[in-house]
Amino acid sequence: MMRPVNARLDEHLPGDHRLSKVYRVGAGLTGLLLVAFGILGLIDRIGFFDTGGDTVLALNTNGALSVLSICIGLLLFAGMVIGGTFASTLNIVLGVLFIASGFVNLALLDTKMNFLAFHIPNVLFSFVVGVMLMWFGMYGRVGSALPHDNPYWRARHPEQAAREQRARTSASASGSAGGRPPVGRPA
């Protein structure tokens with residue numbers, strides 16, 4: 001029987017868990033790329049809503065896109081600093097928003113509503129960054145073959161996780177009481 005999981009997943013992921021490193025590195029590198037792109041766009045002193053075709057790092061830009069890139073990059077840096085499930089969720093949400101932005105800006109390419117000066121390379125960049133952020137965020141969190149020690153698997157399968165924990169506990173208890181004296185005590 002399928003039941004919704006009412007567990008807060010951040011309670012199950014220790015701060016030093018190896019999955020947190022993937023979320024943090026993914027958020028940090030993507031944030032660094034976006035901040036660099038935004039700063040280079042602002043250095044060129046491009047008009048805020050200029051659609052004249054100014055490029056930075058082979059992508060079309062204007063002041064609005066530069067500021068937006070810096071803000072999103074700093075948000076990803078915050079995710080890197082916080083880490084854990086927050087970084088994972090942030091990566092997933094921003095990944096979906098990047099993909100949605102790619103589709104919206106693809107529809108606006110040759111219209112007067114193209115305020116961010118997008119061209120096809122920008123759309124492709126949005127799609128690639130969106131998929132990359134989603135991959136970083138979902139790594140170790142979503143899948144059909146998650147290991148049973150994974151905190152997300154345990155949160156989705158609490159009964160089986162509890163049975164496995166009881167089996168491990170009873171195995172370790174019977175191993176220490178199985179005829180051998182504890183270390184440091186005479187027989």
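**Figure 1. Surroundings of S126 in the predicted model.** S126 is buried, its relative accessible area being 3%. That value is under the 20% limit, so S126 counts as buried. The residue sits in helix α4, which spans residues 120-138. Leaving out residues up to four places away in sequence, the contacts of S126 are F98, I99, S101, G102 and F118. Of these partners, F118 is also a member of the largest nonpolar core, while F98 belongs to another core, of nine residues.

**Figure 2. Backbone at A117.** A117 lies in the loop that links α3 (84-107) to α4. Most residues other than glycine have a negative phi. The phi of A117, by contrast, is positive, near 60°, and A117 is not a glycine. With a relative accessible area of 1%, A117 is buried.

**Figure 3. The largest nonpolar core and the contacts of I46.** Ten residues make up the largest nonpolar core: F37, I46, V56, L59, A64, L65, L109, L116, F118 and V123. Another core lies apart from it and has nine residues, including L76, L90, L94 and F98. I46, one of the ten residues of the largest core, is in contact with G41, D54, V56, T61, N62 and G63 when neighbours within four places in sequence are set aside. Among these partners, V56 is itself part of the largest core.

**Figure 4. A nonpolar patch on the surface.** I39, L40, I43 and L57 form this patch, and their accessible area together is about 370 Å². L57 is placed in the loop between strands β1 (55-56) and β2 (59-60). Two residues of the largest nonpolar core, V56 and L59, fall within the ranges of β1 and β2 respectively.

**Figure 5. The whole chain, as context for the close-up views.** The secondary structure of the protein chain consists of six helices and two strands. Read from the N terminus, the order of elements is α-β-β-α-α-α-α-α. The chain has 187 residues, of which 36% are buried; S126 and A117 are among the buried residues. The protein chain exposes about 11300 Å², and carbon and sulfur atoms supply 68% of this area. Of the contacts between residues at least 6 apart in sequence, 66% join residues at least 24 apart.

Notes:
Residues numbered from 1 in each chain as written. Predicted model: local features only at pLDDT ≥ 70, side-chain atom pairs only at ≥ 80, totals over all residues. Heavy atoms only, no water. Patch = residues over 30% accessible without salt bridge, like charges linked within 9 Å, V, L, I, M, F, W, Y side chains within 5 Å. Areas by Shrake-Rupley, 256 points an atom, 1.4 Å probe, with all protein chains shown as cover. Salt bridge = Lys/Arg side-chain N within 4 Å of Asp/Glu carboxyl O. Helix = DSSP H or I, 4+ residues; strand = E, 2+ residues; numbered from the N terminus. Buried < 20%, exposed > 50% of the residue type's maximum accessible area, 1.4 Å probe, protein only. Contact = heavy atoms within 4.5 Å. Core = buried A, V, L, I, M, F, W, Y, C linked by side-chain atoms within 4.5 Å.
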